[in-house]
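Student: Could you take me through one part of this model closely, starting from a single residue and then turning to the aromatic pairs?

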Amino acid sequence: MTRRFWLRCFAWTLGCLAWHSHLSRADQEQATLNELLRSKLKCRRPVEFAYINLVTQNVDQGFLPPALVLSMMKWACERSAKEVEAGRRKTDIPFPYFQEGLHRRAAEIGVDLPPFSG
């Protein structure tokens, strides 16, 4: 066994360890549903943060399907952007659309959420 062989083995082992640590770090950096909703919906007030906590609590308990919440988040962001483009609103804050839309969709499946409270 030559020195070159051992050097290659060492370099290969370091490469594998670096790749494995990169994969484990990527798993830890995954945002939770609560964090995702807070950032995408641009929450600002304590009432909005409390509403997001209520929604994620209902998802965790199984009352609300995560797909419904994520689709409403996407719809609210798109709707808010369209309102700004049309000139009907000055700011791009999707939270009010999300809250009212989710209230209506959740009522259809029997989950009671508070309506939009400006």
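Tutor: Happy to; here is a close look at one threonine, followed by the aromatic pairs. This is a predicted model, in which local features need pLDDT of at least 70, side-chain atom pairs count only at pLDDT 80 or more, and totals for chains, interfaces and linings use all residues. Residues are numbered from 1 along each chain as its sequence is written, and side-chain values use heavy atoms, with hydrogens and water left out.

Threonine 56 sits in helix H3, residues 46-61 (helices are DSSP runs of H or I, at least four residues, numbered from the N terminus). Its relative accessibility is 8%, so threonine 56 counts as buried (under 20% relative accessible area; exposed is over 50% and partly exposed in between, with a 1.4 Å probe and protein chains only). Beyond neighbours within four places in sequence, threonine 56 is in contact with Leu33, Asn34 and Leu37 (heavy atoms within 4.5 Å).

Now for the rings. There are 2 aromatic pairs (Phe, Tyr or Trp rings, using the six-membered ring of Trp, with centres within 6.5 Å; planes under 30 degrees apart are stacked, over 60 edge-to-face, the rest tilted). Tyrosine 51 and phenylalanine 95 pair edge-to-face, at 5.8 Å centre to centre and 90° between the planes. Tyrosine 51 belongs to helix H3 and phenylalanine 95 to helix H5 (residues 95-108), so this pair ties together parts 44 residues apart in sequence. Tyrosine 51 is buried at 4% relative accessible area, and phenylalanine 95 is buried at 2%.

Key: Helices (H or I, at least four residues) and strands (E, at least two) are DSSP runs, numbered from the N terminus.
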